[in-house]
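Hi,

Here is the structure I promised to pass along. Have a look at it first, and my notes follow underneath.

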Amino acid sequence: MKPLPPMPRWVDDAGNVVSCTEKIKVMQQNMQEIYELAQEAFEDGLLMGCQEKQLRAYLTELMATLENPYQQ
C-alpha cells in the first residue's frame with residue numbers, strides 16, 4: 001500500500017498553526033485509519049467489478065458530505 005500523502009500544516013479557523021504534538025499525532029493516526037479503510041473499500045469494489053471512476057467519485061462525494069457538528 002502506498003503511504004499517505006504528506007500531511008498539511010494544520011491551521012485553525014483564525015489561521016493559527018495547530019502545533020500541539022499530541023493533536024498532530026491524533027490527526028496522523030485518524031488519517032491513516034481513514035486511508036486504510038478507504039483503500040480496502042476501493043479494492044473490494046474493484047474486485048466486485050465496480051467501475052474505478054465511479055468508486056473514486058463516490059468516495060469524493062462521501063467526504064464532501066461530512067458534517068461539522070461544531071459549526072456555530
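A quick word on terms before the notes: a helix here is a DSSP run of H or I at least four residues long, and helices are numbered from the N terminus. Also keep in mind that this is a predicted model.

**Salt bridge**

Let's start with the charged side chains. In general, side chains of opposite charge can pair when their charged atoms come close. How many salt bridges does the count come to? Just one. The partners are Arg-56 and Glu-52, whose side chains meet at 3.0 Å, N to O. Both residues sit in helix α2, and because they are four residues apart there, about one helical turn separates them. As for solvent, Arg-56 has a relative accessible area of 46%, so it counts as partly exposed. Glu-52 comes out at 40%, which means that Glu-52 is partly exposed too.

**Nonpolar patch**

Next, the surface. Ile-34, Tyr-58, Leu-62, Met-63 and Leu-66 make up a nonpolar patch there, and together they have about 510 Å² of accessible area. Which helix gives the patch its largest share? That would be α2, residues 52–64, with three residues. Tyr-58 is a patch member and lies in helix α2. Its relative accessibility is 49%, and since exposed means over 50%, Tyr-58 is classed as partly exposed. Leu-66, by contrast, belongs to the segment after α2. With 62% relative accessibility, Leu-66 is over the 50% cut-off and therefore counts as exposed.

**Pockets**

This part may be of most interest to you. The largest pocket holds about 510 Å³ of space. Its lining has 15 residues, and those closest to the pocket centre are Ile-34, Tyr-35, Ala-38, Gln-39 and Leu-59. Ile-34 therefore turns up in two places, because it is named both in the nonpolar patch and among these lining residues. Where does the lining come from? Helices α1 (21–47) and α2 each supply at least two residues, and α1 gives the most, with eight. By type, the lining splits into 10 nonpolar, two polar and three charged residues.

The second largest pocket has about 160 Å³ of space. Val-11, Asp-12, Asp-13 and Val-18 line this one. Its lining divides into two nonpolar and two charged residues, with no polar ones.

**A few spots along the chain**

Cys-20 is found in the segment before α1. At 35% relative accessibility, Cys-20 counts as partly exposed. Cys-20 and Lys-2 are 18 residues apart in sequence, with 27 Å between their C-alpha atoms.

Met-27 is part of helix α1. Is Met-27 buried or partly exposed? Buried would need under 20% relative accessible area, and Met-27 has 26%, so it counts as partly exposed. Between the C-alpha atoms of Met-27 and Leu-66 there are 16 Å, with the two residues 39 apart along the chain. Leu-66 and Glu-52, for their part, are 14 residues apart in sequence and 22 Å apart in space, again C-alpha to C-alpha. That pair links two earlier topics, as Leu-66 is in the nonpolar patch and Glu-52 is in the salt bridge.

That's what I have on it. Over to you!

How values were computed
Residues numbered from 1 in each chain as written. Predicted model: local features only at pLDDT ≥ 70, side-chain atom pairs only at ≥ 80, totals over all residues. Heavy atoms only, no water. Patch = residues over 30% accessible without salt bridge, like charges linked within 9 Å, V, L, I, M, F, W, Y side chains within 5 Å. Areas by Shrake-Rupley, 256 points an atom, 1.4 Å probe, with all protein chains shown as cover. Salt bridge = Lys/Arg side-chain N within 4 Å of Asp/Glu carboxyl O. Buried < 20%, exposed > 50% of the residue type's maximum accessible area, 1.4 Å probe, protein only. 1 Å grid on protein atoms, 1.4 Å probe; cavity = no way out; pocket = protein on both sides within 12 Å on 5 of 7 lines; lining within 4 Å. Points joined across faces, edges and corners; volume = space filled by probe spheres on them. Nonpolar A, V, L, I, M, F, W, Y, C, P; charged D, E, K, R; others polar.
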